[in-house]
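Me: I want to test the labels on this structure one by one. Give me the value, the cut-off and the verdict.

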Amino acid sequence: MLNSYINTSVAPTISRAFGIEAPKLSVPDEILKPVENMISDYCGANRKIEKALIYNPDAVALWLYQKYTDKFAKVINNTRMALPMRTVMPSVTPVCFATIYTGVMPSVHGIQRYEKPVLKVDTLFDRLIENGKKPVIIAPKECSMSKIFKEREMDYIITNDSDLCFDAALEALNDDRYDFYAIYEGNYDSVMHGEGVEAEISLKQIDINADHFDRLVKKARSKWNKEGYKSLFAWITDHGCHNDEIGRGTHGSDLEEDLNIVHFWGTGD
Ligand SMILES: [Zn+2]
């Protein structure tokens, strides 16, 4: 069974949280209701979200959460809800992150296969910039997240190695020059492609992702609470994964294992 909530609703939901317009081609009312309710409870009638940290781990499927729930304890404990989500086809990184940050299907945003052109359509980053917010993307060079949202008036912290993203994110939070942090880590995806989706060393990557999420959220939350900001935290993965016939990890298909994912959402308190 495929999940009913679709990735296209992520950008309109975050836009609504900040009180800004959704990306131009998206459907502004395609909102994740539980997240909207959580934010209005937290912010009250006269406030909106002012800071957000969106953590983007690669390829962490819903079935991994179901089968290895303990590994997600630090994610669960830092958020208020886990929402079952469905990603789009083909279930590969640039296609799925393009949908997440534009709020539209691949046929509309234009990335319909594994390629990494700069997106010309309106994105959440464009909406944030136009509304005076400062977004940043923190990702290693060559990955989709470091390429497809380029050419905007914003900062990109591009690391030489994926191991360096976490430290770069902590450092950026130290100075806290931004309002919106999109932090990408592709460690699970890159290990499972070679070793298989349930190899010990692959599953260890989920522990690392959960630990990094915990430390990033704790740092941002304490800083932002001290300064009186209303803040949003989310774990937003792009697609799932499964093993191919020779036991290597893969994705891109319309199997439930590839399309069903889970996103976690939380606030500053
Ligand atoms: Zn991916």
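Me: What makes Arg177 and Asp175 a salt bridge?
Reply: This is a predicted model, and the label rests on computed distance. The closest N and O atoms of Arg177 and Asp175 are 3.9 Å apart. The cut-off is within 4 Å. The pair therefore qualifies.

Me: Is Arg177 buried, partly exposed or exposed, and why?
Reply: Arg177 is partly exposed, as its relative accessible area is 48%. Buried needs under 20% and exposed needs over 50%. The value of 48% falls in between.

Me: How many salt bridges does a search of the whole structure find?
Reply: The search finds 21. Some share partners: Arg16, Asp29, Lys33 and Glu36 are joined into one network that way.

Me: How do you know that Arg127 and Glu21 form a salt bridge?
Reply: Their closest N and O atoms are 3.4 Å apart. That is within 4 Å, so the label holds. The pair links distant parts of the chain, 106 residues apart. Arg127 is in helix H7 (residues 124-130), and Glu21 is in the loop between helix H1 (10-18) and helix H2 (33-43).

Me: Which accessibility class does Arg127 get, and why?
Reply: Arg127 has 3% relative accessibility, so it counts as buried. Its partner Glu21, at 42%, counts as partly exposed.

Me: What makes Asp211 and Lys74 a salt bridge?
Reply: Their closest N and O atoms are 2.9 Å apart, against a limit of 4 Å. Asp211 sits in helix H10 and Lys74 in helix H4 (residues 73-77), 137 residues apart. Asp211 is partly exposed at 21%. The buried class needs under 20%, so Asp211 does not enter it. Lys74 is partly exposed too, at 36%.

Me: Why do the ends of helix H10 agree with the expected span?
Reply: Helix H10 (residues 200-226) has 27 residues. At 1.5 Å a residue, 39 Å is expected, and the end C-alpha atoms are 39 Å apart, so the two agree. H10 is followed by Gly228, whose phi is positive, near 80°.

Me: What makes the protein donors of the zinc ion count as donors?
Reply: Distance again. Asp58 (OD, listed twice), Thr93 (OG1), Asp238 (OD) and His239 (NE2) lie 2.0 to 2.7 Å from the zinc ion. The limit is within 2.8 Å, so they pass. Water is not among the atoms, so the site may look incomplete.

Me: What spacing do the donors of the zinc ion follow along the chain?
Reply: The spacing is D-x34-T-x144-D-H. Asp58 and Thr93 are 35 residues apart. Asp58 lies in the loop between strand E1 (51-57) and helix H3 (62-67), while Thr93 lies in helix H5 (residues 93-102). Asp58 has 1% relative accessibility, so it counts as buried. Thr93 is buried as well, at 6%.

Me: Why is strand E3 (residues 135-140) called largely enclosed?
Reply: Six of the six residues of E3 are buried, so the rest of the structure largely encloses it. Pro135, Ile137 and Ala139 point one way, and Val136, Ile138 and Pro140 the other.

Me: What pairs E3 with strand E5 (residues 180-185)?
Reply: Four bridges, in the parallel sense. Pairing needs at least two bridges, so four suffice. Ile137 stands opposite Ala182 in E5. E3 also runs parallel to strand E4 (residues 155-159), joined by five bridges. There, Ala139 stands opposite Ile158.

Me: Which faces does strand E2 (residues 81-86) have?
Reply: Met81, Leu83 and Met85 make the covered face, and Ala82, Pro84 and Arg86 the uncovered one. In a regular strand the side chains alternate between the two faces of the sheet. E2 runs antiparallel to strand E9 (residues 260-267), joined by six bridges. Met85 stands opposite Ile261 in E9.

Me: What makes up the nonpolar surface patch of about 260 Å²?
Reply: Leu25, Met105 and Val108 make it. Val108 is in helix H6 (residues 106-109). Patch members need over 30% relative accessible area; Val108 has 43%, so it clears that bar. Its class is partly exposed.

How values were computed: Residues numbered from 1 in each chain as written. Predicted model: local features only at pLDDT ≥ 70, side-chain atom pairs only at ≥ 80, totals over all residues. Heavy atoms only, no water. Donors = N, O, S within 2.8 Å, 3.2 Å for Na, K, Ca; no water. Buried < 20%, exposed > 50% of the residue type's maximum accessible area, 1.4 Å probe, protein only. Patch = residues over 30% accessible without salt bridge, like charges linked within 9 Å, V, L, I, M, F, W, Y side chains within 5 Å. Areas by Shrake-Rupley, 256 points an atom, 1.4 Å probe, with all protein chains shown as cover. Salt bridge = Lys/Arg side-chain N within 4 Å of Asp/Glu carboxyl O. Expected span 1.5 Å × (residues − 1).
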